[in-house]
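Here are some friendly notes to read beside the model. Take them one point at a time, and keep the 3D view open as you go.

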2 protein chains.
Amino acid sequence: MEISITQKIRRPTLILDEDQARKNLRHMLEKAKSQSISFRPHFKTHQSLEIGEWFREEGVDRAAVSSVSMAEYFSIGDWKDITIAFPVNLREMDKVCVLARKIELGVLVESLESAAFLKEALDSDINVWIKIDTGLHRTGILWNDQSSILELATHIADSKRLNFTGILTHAGQTYDAKTTDGIRDLYSESNTRMNDVRDYLESAGFQGLKISVGDTPGCWLSENLGDVDEIRPGNFLFFDAMMEELGVCRRSDIAVNVACPVVAKHQERLEVVVYGGGIHLSKQAIHTAERDIYGYICMPGVGEFPRYLSKENYVSALSQEHGVVKLERNEFDTLHVGDTIYIQPVHSCLVVDLLGDYLTQDGRIIRSMNSERIKNLQW
Amino acid sequence: MEISITQKIRRPTLILDEDQARKNLRHMLEKAKSQSISFRPHFKTHQSLEIGEWFREEGVDRAAVSSVSMAEYFSIGDWKDITIAFPVNLREMDKVCVLARKIELGVLVESLESAAFLKEALDSDINVWIKIDTGLHRTGILWNDQSSILELATHIADSKRLNFTGILTHAGQTYDAKTTDGIRDLYSESNTRMNDVRDYLESAGFQGLKISVGDTPGCWLSENLGDVDEIRPGNFLFFDAMMEELGVCRRSDIAVNVACPVVAKHQERLEVVVYGGGIHLSKQAIHTAERDIYGYICMPGVGEFPRYLSKENYVSALSQEHGVVKLERNEFDTLHVGDTIYIQPVHSCLVVDLLGDYLTQDGRIIRSMNSERIKNLQW
């Protein structure tokens, strides 16, 4: 990061290391390619047409998104193959229909009601994935609930509009693994369960079904992506403190920082207060036995190498616009009110959603879906 | 809330009970008035020019805000007396200078560096408050650090541009009180400490200093607002689940709900999944011994009376766009995919910041500073 950028920071600002993000992108893509697995990156992480182009430059032509609005946004940017990786929202069916006419649209279904509603509402074809729960227990039909899955599959296959494409899961249970081996094991277990589902669907006569999976920890750490057809990771593009904490990435792999001005120093507690609170960093925390952590600190360095402070330097509390940063004495002593520090966020996807715009190392502004929110990137 | 509004909900939508908010407003204002204390409500809670007018209709002519951007926004709405209740951000000094020329602007200072910087930069007068820490330990000079406070006061008084107005605190420690009596005690203790500071500043020759305080729990619950000149509460306007949990308000005093479409049902766990996640509700939780709670549930009722479900019905987890809602069996059974439920948010200020627009019971859209972010309120 160049000092000249840091000097221009006025408000909490999302700094993007474009080179690192592109490096992360290529690494994930190459792994998928080398195993002949389709790569459908989750664009909820960056929410930006411009960053979407980086994927297109590498030959990626499909994406996953997490809302109908996001599908609309990317379809305007000429993405023609989008899966809305969220249980289909019946209250936005008019928009789903418009999108289905325009692009190759995929949706997730996990209930007979939703399938029936889709059938009734659609006037063009749509790709339907049955959402499977392989252990996260957030959404989806439990992988071993054969009767429900078969009933829904039959219901879907019964409609001409609904193109039964396959089964899809998000094995987010990997985020709760205690070790990197644990992550690999959960990823592999989830894939085994997905193959079980495909097997009994095939036995029942449903042929050619695809398996789509896609958590960043599992996809990044597992050398062998397994017997799946498509991966949909998103977070790997930027990573974050949570991923580093899980052992998925190194701190230097994290491609986004939030630059925050220092507004107060408190010698007696070795704390600085920054302009940068819950509305900028999100209230997502890493919980350890001793403390809650809302971000790690690095200092804008000369050239492209930021200086990573030890984990004893961290964001310890957030209110609406304030961030409290605990520092080691030597770091505390060199900082002044009016300086800028960089915070490695706990969850990059949430921070991107909150801050809207990116500022690259070379001072370029990159817009996202939420750009209108941010008024500070106007120099 | 009228059923007609609920039927139109398509995405997570902030529903505002205007009558309740105005009632909360009048209650707080009346208390301040009856004790001849100036009322400077904190507008970070609503961030809306239109809602600001509700205050103006009641005779309120001053406000507190939490950022320079927010001061700019309200100054455009012709608010002429604004305190930026956040340590002055030296990196936005140009904007502070423009505002100071235009309106009666107050800023907080807690260090000699900031005071010196202000002195140098300003070309018009500004009201300066010394930020005092009476026990929250977030920002401010500790109330009993007489030498630092006197030194800073001398420094401020030494400048013609800096109008030394008084001392200001946010006794947010009341949020950690275990009982409502505990809240009253902490509020009262904070005020005693503020009066101690004023006393020793007066002894040193600083006359006519005001005391500004302002946490919602203390101001709402304390019959006697104490020996202070100004209160700056904000949250009381809408309240939220956190305030109810603290015993500050009743659930029926909460004036904002987040309406969320149900997208999935899971019988085996008695959970529904709603479209409404961390980017809509914020990741702020109420932590109890048994669980984390991200909101309580009420159902849109006929007429203006929502039906409050017991606290066994609550948001148990949030990811980016998903909310997981635990329900009692009878409530679970009556809900369908495609229905809308109302969530009483944990922290209304954060939710307002995230959702940007309000929808009133009579179907009117109220805009805020962040309106551009929201694209769903367009019917």
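**Notes on a two-chain model**

1. Let us start where the chains meet: 47 residues of chain B are in contact with 47 residues of chain A. Here "in contact" means that the C-beta atoms of two residues, placed from the backbone, lie within 7 Å. Please remember that this is a predicted model, in which local features need pLDDT of at least 70, side-chain atom pairs count only at pLDDT 80 or more, and totals for chains, interfaces and linings use all residues. Residues are numbered from 1 along each chain as its sequence is written, while chains are lettered from A and ligands numbered from 1 in the order in which they are written.

2. Which element gives the largest share of the side of chain B that touches chain A? Strand 11 of chain B does, with four residues. Other elements that give two or more residues to that side include strand 4 (81-87), helix 6 (112-121), helix 11 (278-281) and helix 13 (348-355) of chain B. The names follow DSSP runs numbered from the N terminus: helices are H or I with at least four residues, and strands are E with at least two.

3. By class, the side of chain B that touches chain A has 15 nonpolar, 17 polar and 15 charged residues. For this count, Ala, Val, Leu, Ile, Met, Phe, Trp, Tyr, Cys and Pro are nonpolar, Asp, Glu, Lys and Arg are charged, and the others, Gly among them, are polar.

4. How are the two copies related? A turn of 180° and a shift of 0.0 Å along the axis lay chain B on chain A with an RMSD of 0.0 Å. The copies are thus related as by a two-fold rotation axis. The superposition is by least squares on the C-alpha atoms of residues with pLDDT of at least 70 in both copies. Also, 100% of the interface residues of chain B are interface residues in chain A too, so the copies meet through the same surface.

5. Now look inside chain A. An automatic or database domain assignment sets the bounds, giving domain 1 (3-15 + 255-373) and domain 2 (18-236) of chain A. The C-alpha centres of these two domains lie 33 Å apart. Their contact takes 12 residues from domain 1 and 15 residues from domain 2 of chain A. Helix 13 (residues 348-355) of chain A gives four residues, the largest share of the domain 1 side.

6. A:Glu18 lies in helix 2 (residues 18-34) of chain A. This residue counts as partly exposed because it has 16 C-beta neighbours inside 10 Å. A residue is buried if 20 or more other C-beta atoms lie within 10 Å of its own, exposed if 12 or fewer, and partly exposed in between. Leaving aside neighbours within four places in sequence, A:Glu18 is in contact with A:Thr360 and A:Gln361. A:Glu18 and A:Val256 are 238 residues apart in sequence, but 8.9 Å apart in space, C-alpha to C-alpha.

7. Which residues of helix 6 of chain B are buried? They are B:Ser114, B:Ala115 and B:Leu118. Down the helix axis they fall within an arc of 100°, so they line one face of the helix; the arc is that of the directions from the axis to the C-beta atoms. These buried residues pack against strand 5 (104-109), strand 6 (126-133), helix 7 (146-157) and strand 8 (162-168) of chain B. B:Val109 touches B:Ser114, B:Ala115 and B:Leu118, among others.

8. B:Val109 is also one of the residues with the most contacts inside the largest nonpolar core, which has 240 residues. Such a core is a set of buried Ala, Val, Leu, Ile, Met, Phe, Trp, Tyr and Cys residues joined through C-beta atoms within 7 Å.

9. Finally, a look at the backbone. Most residues other than glycine have a negative phi, and most peptide bonds are trans. A:Ser282 is not a glycine, although its phi is positive, about 70°. A:Ser282 sits in the loop between helix 11 (278-281) and strand 13 (286-287) of chain A, and is buried, with 30 other C-beta atoms within 10 Å. A:Leu270 has a positive phi of about 50° and is partly exposed, with 17 other C-beta atoms within 10 Å.
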